[in-house]
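Here are some notes for a colleague who is opening this structure for the first time. Please read the points in order, with the sequence and the model side by side.

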Amino acid sequence: MEFKKNSLLLAPMAGITEPVFRGICREFGADIVVSEMVSAEGILYGSKATIGLIMFDEVQRPTGIQLFGGNPEHLARAASFVESKVSPDFIDLNAGCPVQKVVKKNGGSSLLRDITHFGRIVRSMVDAVSTPVTVKIRSGLHKFQWIDVEFALMAQDCGAAAITLHPRSQSMMFSGHSFWERIAEVKKAVSIPVIGNGDICTASDALEMFDQTGCDCIMIGRGVYGNPWLFRQIKDALSERPVQEVDIRYRLTVALDHLERYRSVYKDSVAGRDMKKHAAWYCKGVPNAAVLRNTIFRCSSAEELRSILLQALESVT
Ligand SMILES: Cc1cc2nc3c(=O)[nH]c(=O)nc-3n(C[C@H](O)[C@H](O)[C@H](O)COP(=O)(O)O)c2cc1C
């Protein structure tokens, strides 16, 4: 697995980047996709729901599976299980999640508390599998007390194949703007590919991140909410082709297609429930979007959601 220059990655996002959305993003130009974080303990426990999260369609390769946890031996065994079960293109270690549920279990950004322990985890995962192991970190625990360079160097020394940096601290959660200059610092320090992440919402943001930081690849999360064609727009911008804007009809047509794909994979009740947020995001710019969103969140089935989106589409024709 190679992280080629200028590759565009879909960020791991719990509850969002399941296989259907990953597939859509691949079709719109994402070069590499990553699963949402998967608990190493859940895998070792044999939880069916957890193991379900590591499954993916072959057509979506290259796909990375992201693991979280805090125990080196358990993470190594979970990585080995993932490798033997689905043979992903890479396995990513989550050392960035600031959410209490994960931090409390000594996973995610809590790994930034102790660099020796962090190194032990990366090394044990690298030793356990022949699949490349990558690491995703934040810039530190506290704003302006940046420790990203040390952790990136440690990850590299322990055999990581690439490093993703989301340059906020654990304490910042998602507030403020990310500190892109930290990506530049990490890029200067390591020789493995650096994947820059944080606050890319438009094609010009993507160009700016490449330009300002020198990163090798970029990773996009919230910017693709209801906006998966952003990957295509970035590709166009990188190739100096005109960036095509999309109109409301297009947005709603993609939303309907997204819903149909969801329904072909998930039970109707699950599709109806989980597609609401995507549908609401696709409705950005639709006349009376607030009213439409309200209707979407109140609907009780996938079929009802389909009628709402169809009606919205007819109203803009
Ligand atoms: C709803 C949500 C879920 C997320 N889940 C994960 C996750 O499972 N693993 C991870 O490493 N980061 C996770 N993140 C962080 C994103 O991968 C990304 O680092 C962050 O959103 C910043 O990038 P962005 O500004 O492009 O969204 C999540 C973010 C959001 C908003």
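1. In this predicted model, Thr164 stands opposite Ile195, a residue of strand E7. The pairing around that position is between strand E6, which covers residues 162-169, and E7, and these two run parallel and are joined by 3 bridges.

2. Is strand E7 (residues 194-197) covered or open on its two faces? Both faces are covered, since Val194 and Gly196 on one side are buried, and Ile195 and Asn197 on the other side are buried as well. Ile195, the residue that Thr164 faces, thus belongs to the side of E7 that also carries Asn197.

3. Turning to the chain as a whole, its secondary structure comes to 14 helices and 8 strands. The radius of gyration is 20 Å, close to the 20 Å that the globule rule gives for 317 residues, so the chain is as compact as a globular protein of that length. Along the principal axes, the C-alpha atoms fill a box of roughly 60 × 45 × 35 Å.

4. On burial and contacts, 56% of the 317 residues count as buried. When contacts between residues at least 6 apart in sequence are considered, 67% of them join residues at least 24 apart.

5. As for the surface, the chain exposes about 13700 Å², of which carbon and sulfur atoms supply 52%. The charged side chains comprise 37 positive and 35 negative ones, and the centres of these two sets lie 5 Å apart.

How values were computed. Residues numbered from 1 in each chain as written. Predicted model: local features only at pLDDT ≥ 70, side-chain atom pairs only at ≥ 80, totals over all residues. Heavy atoms only, no water. Helix = DSSP H or I, 4+ residues; strand = E, 2+ residues; numbered from the N terminus. Rg over C-alpha atoms; globule rule 2.2 N^0.38 Å. Buried < 20%, exposed > 50% of the residue type's maximum accessible area, 1.4 Å probe, protein only. Contact = heavy atoms within 4.5 Å. Areas by Shrake-Rupley, 256 points an atom, 1.4 Å probe, with all protein chains shown as cover. Lys, Arg positive; Asp, Glu negative; His and termini not counted. Charge placed at Lys NZ, Arg CZ, Asp CG, Glu CD. Pairing = 2+ DSSP bridges.
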